Amino acid sequence: MESLQKNSRFGEVIESSIEILKGQCHTLYNCPPLGSLVRIGDSVFGVINGINTGSIDPSRGVIARGQNLDTEDQIYEDHPQLEQLMRTIVNISVIGFREGTIVHQYLPPLPPRIHSFIHLCSSNEIREFMTSVDFLVLLLRSNDRVIDDVIAATIKQALPSFEDPRAFLLNAARYISSQLPTDVSRVSTIIKRLPMDEWL
Amino acid sequence: MNSMGHESNQLGLVIGGSISQGVEVRLKDSKLIEETKIGTFVTINGAHSKFFGTITDLRLDTTDNKFSSSVSSDSRSLIEVISGISTYSVATIMPSLNIDSAFLTPQPSKSLPQHFSVAFRASNEDVAEVFGNEDERHIWIGSPLDMEDAHVCLNLEEFVKRSNAVFGKSGTGKSFLTRILLAGILQRQVATNLIFDMHNEYGWESSSETGYSAKGLKQLFGSRVSIFTLDGSSASTRGLKYDVDAKIGFNEIEPEDIAILGTTLNITELGIQSCYALADYFKNDSSPWILKFLDLTSEELHELAETLRENTNTLEALRRRLSQLKRFDFMVEKSSGKGIATEILEHLLDNRHVVLEFGKHGDNVNAYLLVANLITRRIHEEYRKKTESAMAGNEELPSPLVITIEEAHRFLNSGLANQTIFGTIAREMRKYRVTLLIVDQRPSGIDEEILSQIGTRVVCQLDNDRDIDAVLTGAPGARNLRNILSRLESIQQSLMFGHAMPMPVVVRTRNYDNDFYSDITLPGFGNINKKDLFG
C-alpha cells in the first residue's frame, strides 16, 4: 500500500451535510491520518476527525481468516477479493470554504455534492487556509468526545507545512487558551497532545 | 494633539476602571510586568482625547481561579501558552490630564478613556507636552522614571506663588533638590530668596554624602547673593568670605520672639505672659528690656514682681531660661546701625538674594528659631506695608520673596503654628508676596492646616507611615500616591505634585554637577549648546 501523496485525490463523498461529511477512500486503508486538512471538490475544507474500515455489506460481517497462517499479509494475498468486500470510510468536520480567492473559516452555505472528490491538501493549501487559526473555534465547539485529540492532530499535521512551525504552534495554542478562558483542564489536555517540548 | 504612540512603547489595552480607582490596563505581554514600574508616566489614546497618567498599582490576574491550583512549575509549555491570555497582568493608571481638540494644552482629567484604548509608555515629547520645555519660566529638574532623556520642567513662576515644601528623610537628596530650586528661582529672577541656612550648605561649597563637593549659590551667582553669617569666626576658619557678620541686638527681641521659644526653652505660658508685661514696663528705658530684666538683683526682682503683680517664682524661672540667650555670641546689647532685619531687607529689596548662615549655631534649635522668626517677622511686616501701599497705587509691588526654612516642624507644629510668623505666611499664601520653601524630614510634625496650604510638594523617600500620611494631606488621589511614595528609591528620587506640577510625577533629580552649573549660570536657560561655547 503506497502512502498518500499531498494534493492527491483519495476518495469521494458518500454522505453530505453542512458540518459533517462521510467519504469513502478509493483504496482500502488508503486515507490520510487523523487531523489532516482535506479539500472536498474545489471549495470546501475539512479535517479528518475519524477513520473507519469494515465490510461493504452491513449484513455480511467480516470473519477471522488467519488461524492457520503465519502473517497478516498472507490473509490478503490468499483472499484478493477482500479489498473489494471491505472499504475505508473517513469522517470529515467541515471547517471552511473558499469563495473566489478568499478563504472563509466558517461553514459553507451549501454542503458538497455526493461523489465530490476528496483531496489531501498540499502544503501550499495548508498555509493558505491556516493563515488564521480561527477555524479552531468550530472544532472547539464540537460535542465530539474525541475532539481534543482531533484538534491536537490537526495542528500537528499542519506544522511541517510552515516555515516557522514554532510561531504557528504557539499561535494556535494561545488561541485555544483564549477560547477556553475558564477551562484550564481542557487547555492542558490539548497542549499535552502537542509537540510543545520539541518547539518551545 | 500628538500622533499615536510608538508601537514598541505600547503597554496594553484599557479593560476597565473608574475615576476613583484608576484605569485598568491589561499589559500586552505578561513579561512586561517585570519591567513596568510603579510611578511610570504613561499616555492613553482615547477615541477623542489623549490622557496622561501615572501607574499607581500593578496586579497579576487570571481568567479562572483554577489556574492557581492546576498549573505546576513543570508545565512549562502550558505556562507559556496561557501567559498573557488566561493569566495576565494589569496596571492601574491614574489619569491626571487629558488633551482633546477643544483644548490645546493638557487639562485636569475629568473623564476616562473608553474600553480598549491603547496605553503607551510616555515619550519624551509627551513629557514636554505636559511639563513644558526649559525657558525663562521653566527649569529642568530631572527625568521621569526610566526616561533619562526626557526633561521634567517646573514652572517656577507658578511655584513661587504658593508656599512649597521639600520633604524626605535625611540623605535622600533634599538639599541638592532645594539647591536646584533656589538656583532656578535666582537665575530666572521669579523671586528673591531669603535662606535660613541651618547647616551652611547653600551659600558656599559643601560636600555631598558621596564625597564630591557641591557649589553654593554664592559661587554660582557671585554678587547677586549676599551671605550673612551669625558665626563670623567659623566662616573665617573655614576660609569662606561673607558679606555681613550679622549681630542681633537684645533691643530687637520682642515678647513675640520669646513666645515661640516657649517649648524649646521650657518657658511656661505664665512666663510668656510676663514677658509682655516686662517689655511694657521697661519700654521707656534706654537699654533693652531683656537685659534690664536679666541684670536685676534678687531684691529688685521681688519689687518688680510686686509692682507687676506677677509671681516671683515665675519671674525667677523666666530669668533663668532667658539667661541662655546671653550665651549666643551673635547677641549684642544693641544692634549697630539699622538692625539685622532692616539690613537683610535692604539687600532683598535691591534684588540681592540673602543666605543667612548659622555656623556653629546651626545645631542650636533655640538660636535658629529665635533668629529666623525675628527676622522673618520684621521682613514680612515690611512686605505687608509695601504691598498694601502698592495696592493703594503709591509704589511698585516688591518682587516676590521666598523664605527657605529647614527643620520646619519646629516652627510649624500644631502648638506653634498659630504663634509664629511662618504659620501666618503659610496660611495667607502670596497675599503679601512672601512665601515659604519648607525643607523638612518630619512632615508629620507640621500642623495639618499648614500642610494643606502647601502648594507644590516635592517628596523624597520617607520611612515613617505618619510622615507619608502627612505629606499627602489634602492631595487628590492620595491613596494612589501613597503606593508610589512608599516605593521611592532612597536617593535622588522624588514624587512631585501640587500647584506648580500639572500632574504628579516621579522624578529622578538631575545631577548637581558641572552641567548644571553651566546651565544655570550661562544665558539661554539650559538650551545653549555648550560645545559652541567650550569647543
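Axes are taken as lines fitted to C-alpha atoms, for helices over the stretch in contact, and the angle between two axes runs from 0 to 180 degrees between their N-to-C directions. In these terms, helix H16 (residues 421–428) of chain B, in what is a predicted model, lies across strands S19 and S20 of chain B and runs at about 115 degrees to S20(B). The two strands beneath this description, S19 (residues 401–406) and S20 (residues 434–440) of chain B, run parallel and are joined by six bridges. Within this pair, Thr404(B) has Leu437(B) of S20(B) as its bridge partner.

Both strands belong to an open sheet of 12 strands in chain B, ordered S9-S8-S23-S22-S21-S10-S20-S19-S11-S18-S14-S15, with mixed pairing. The edges of the sheet are formed by strand S9 (152–155) and strand S15 (244–245) of chain B, each of which pairs on one side only. Strands of a sheet pair through backbone hydrogen bonds, in either a parallel or an antiparallel manner.

Strand S21 (residues 456–459) of chain B shows both kinds of pairing. With strand S10 (residues 164–167) of chain B, S21(B) runs parallel, and three bridges join the two; here Ala165(B) stands opposite Arg457(B). With strand S22 (residues 493–498) of chain B, S21(B) runs antiparallel, through four bridges, and Val459(B) stands opposite Leu495(B). Side chains in a regular strand alternate between the two faces of the sheet. In S21(B), Thr456(B) and Val458(B) point one way, whereas Arg457(B) and Val459(B) point the other way, and all are buried.

Chain B as a whole contains 21 helices and 23 strands. Its C-alpha trace spans about 95 × 60 × 50 Å along the principal axes. Of the 535 residues in chain B, 48% are buried. Among contacts between residues at least 6 apart in the sequence of chain B, 70% join residues at least 24 apart.

Chain B also touches chain A: 12 residues of chain B are in contact with 14 residues of chain A. On the chain B side, helix H1 (67–70) and helix H2 (76–82) each supply at least two residues, and H2(B) gives the largest share, five residues. By class, this side of chain B comprises five nonpolar, four polar and three charged residues.

In chain A, helix H7 (residues 184–192) has Val184(A), Val187(A), Ile190(A) and Ile191(A) buried. Seen down the axis of H7(A), the buried residues fall within an arc of 130 degrees and therefore line one face of the helix.

Key: Residues are numbered from 1 along each chain as its sequence is written. Chains are lettered from A and ligands numbered from 1 in the order in which they are written. This is a predicted model: local features need pLDDT of at least 70, side-chain atom pairs count only at pLDDT 80 or more; totals for chains, interfaces and linings use all residues. Two residues are in contact if their C-beta atoms, placed from the backbone, lie within 7 Å. Ala, Val, Leu, Ile, Met, Phe, Trp, Tyr, Cys and Pro count as nonpolar, Asp, Glu, Lys and Arg as charged, and the others, Gly among them, as polar. A residue is buried if 20 or more other C-beta atoms lie within 10 Å of its own, exposed if 12 or fewer, and partly exposed in between; C-beta atoms are placed from the backbone. The arc is that of the directions from the helix axis to the C-beta atoms. Two strands pair if DSSP finds at least two bridges between them.
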